[in-house]
Amino acid sequence: MNGRVVVPGDKSISHRAVMLASLADGASRIRGFLEAGDTGRSVAMMRSLGTQIEETCPTELRVTGLGLRGFSQPEGVLDAGNSGTTLRIGAGLLAAQGFTTVVTGDASLRRRPMDRIIEPLERMGARVTGDGGLPFPPLSITGGRLGPIRYEPRMASAQVKSSVLLAGLFTSGPTTVVEPLPTRDHTERMLRAMGVRVESEGQEVTVHPPKSLTPLDIQVPGDFSAAAFFLVAAAVPGSELTLAGVGVNPLRIGLLRTLRKMGADIRLESERVMGGEPVADIHVTGRTLVGTDVGPEEVPALVDEVPALCVAGALAGGRTRITGAAELRVKESDRIGAMVAALAALGVPCGEYPDGLWLEGPARIRDGQSLDTRGDHRIAMALRVLAASTGTVMELSDTACVDTSFPGFEKTLASVVDR
Ligand code: S3P
């Protein structure tokens with residue numbers, strides 16, 4: 001792979017931007033918004049609640065905020081599609097509204113656990129029930145007057161943290177979340193940029209309910225989690241790639257640190273700050289990689305990058321082992337099971353742990369295999385870059401799911417693969 005890639009806007013930041021802008025007093029401008037399946041669900045949810053959102057040009061939104069108390073009850077059931085972020089973070093806002101909302105999702109989302117948000121939001125005073133009393137969507141959320149809590153989630157999850165912090169905007173006093181390990185802090189950064197008092201100390205973050213939110217005028221950085229697929233594929237000999245304008249928030253770039261440990265030559269150039277987030281051009285020059293161990297403390301900063309890391313592991317010499325990653329079992333698919341099944345079919349020595357996996361490289365990738373992406377965008381993109389970088393022919397069961405986070409992925413890939 002050679003050349004320069006511009007990846008689409010960050011998915012996590014795009015979700016937060018459209019939701020928080022909907023609560024602001026006045027019009028926000030969001031440039032570099034990710035126009036994709038998942039973020040489209042958050043736009044639709046905010047529109048259903050009464051927010052006026054115009055697409056002023058591709059990837060640019062003008063959001064007319066309704067203020068903190070401006071939402072109205074939506075008609076019918078809201079659909080978060082494949083997007084856990086829309087449902088879980090959105091639930092934090094819905095928990096504070098004086099009406100009932102029902103939110104569902106696609107088959108994948110309806111299998112994902114929601115007790116992690118039901119429990120704290122109920123403690124704050126909302127009533128949240130899952131399908132048939134089980135903690136799965138569709139969720140029925142009846143909001144009301146919320147009280148502040150101090151909450152210690154069992155798992156490291158930015159979605160859970162953000163859901164509680166957003167509900168905390170509507171309480172009578174400060175709300176605190178104490179995380180077992182630090183997770184992405186985009187919500188905290190954006191709230192601060194909108195004038196909200198947010199205090200972070202170690203793994204503890206406290207939000208103070210504001211009177212109002214100042215509108216946003218931001219440029220969303222490129223998505224590191226989209227860049228990750230190109231980063232791993234170009235980290236091996238014969239490639240040299242620049243990924244322009246990518247968000248490099250330290251809580252997101254665990255993969256970059258791990259690749260460096262594996263021997264990768266990755267430089268950050270033109271480091272700058274955009275919308276309160278660190279951004280850089282990432283320059284990667286291919287080198288021979290060696291396998292490595294990734295432990296529980298490192299997982300939150302690369303939680304979405306494990307499929308990509310498996311690609312690096314398959315191309316590297318020796319064993320790569322990832323542990324403390326049980327959360328991957330409940331992502332858009334069981335990503336441990338999905339990657340191990342695909343790698344095994346491709347002839348890569350590998351195996352599962354309950355909370356992780358191991359694999360051994362450098363593997364001779366078997367040609368002509370039919371592989372199941374499980375409708376999971378990140379599994380599909382990982383296998384596509386593995387095929388591209390090794391010149392292997394693979395048949396993937398579903399690649400339309402890529403549009404969940406990265407429309408135009410194939411075109412971008414074709415623009416940098418040397419033939
Ligand atoms: C996200 C947080 C992560 C990540 C997801 C997006 C977010 O989930 O896997 O793709 O935007 O907050 P968890 O926080 O539940 O691990």
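Begin by selecting the ligand together with the shell of residues around it, and colour that shell by residue type: in this predicted model, it divides into two nonpolar, four polar and four charged residues. To build the selection by name, pick Ser12, Arg16, Thr85, Ser157, Ala158, Gln159, Arg184, Val303, Asp304 and Lys331, which surround the ligand.

Next, colour the chain by domain while keeping the shell visible, and you will see that domain 1 (10-219) and domain 2 (224-416) each give at least three residues to the shell around the ligand. If you then show a surface and look for the largest pocket, that is where the ligand sits. Two elements, α1 (11-23) and α5 (158-167), give two or more residues to the shell, and these helices can be highlighted before you turn to single atoms.

Which side chains should you now check for polar atoms beside the ligand's oxygen atoms? Start with arginine 16, where a polar side-chain atom lies 2.6 Å from an oxygen atom of the ligand, and continue to serine 12, whose polar side-chain atom is 2.7 Å from a ligand oxygen. Then move to serine 157, where an N or O atom of the side chain is 2.9 Å from an oxygen atom of the ligand. After these close views, zoom out to the ligand as a whole: on its own it has 380 Å² of accessible area, and the protein covers 96% of this.

The remaining stops concern the backbone, and one general point helps in reading them: most residues other than glycine have a negative phi, and most peptide bonds are trans.

Select proline 137 and proline 138, and inspect the peptide bond from the former to the latter, which is cis, with omega near 0°; proline 138 lies in the loop between β7 (127-129) and β8 (139-142). Then go to glycine 361 and proline 362, which are also joined by a cis peptide bond, here with omega about -5°, and note that proline 362 is in the loop between β20 (356-361) and β21 (369-371).

Finish at threonine 59, a residue other than glycine whose phi is positive, near 65°, and which is found in the loop between β3 (52-57) and β4 (60-64).

Conventions: Residues numbered from 1 in each chain as written. Predicted model: local features only at pLDDT ≥ 70, side-chain atom pairs only at ≥ 80, totals over all residues. Heavy atoms only, no water. Near = heavy atom within 4 Å. Polar contact = N/O pair within 3.5 Å; in protein donor to acceptor, adjacent residues only side chain to side chain. Areas by Shrake-Rupley, 256 points an atom, 1.4 Å probe, with all protein chains shown as cover. 1 Å grid on protein atoms, 1.4 Å probe; cavity = no way out; pocket = protein on both sides within 12 Å on 5 of 7 lines; lining within 4 Å. Sits in = over half its atoms within 2 Å of the grid points. Helix = DSSP H or I, 4+ residues; strand = E, 2+ residues; numbered from the N terminus. Nonpolar A, V, L, I, M, F, W, Y, C, P; charged D, E, K, R; others polar. Domains from an automatic or database assignment.
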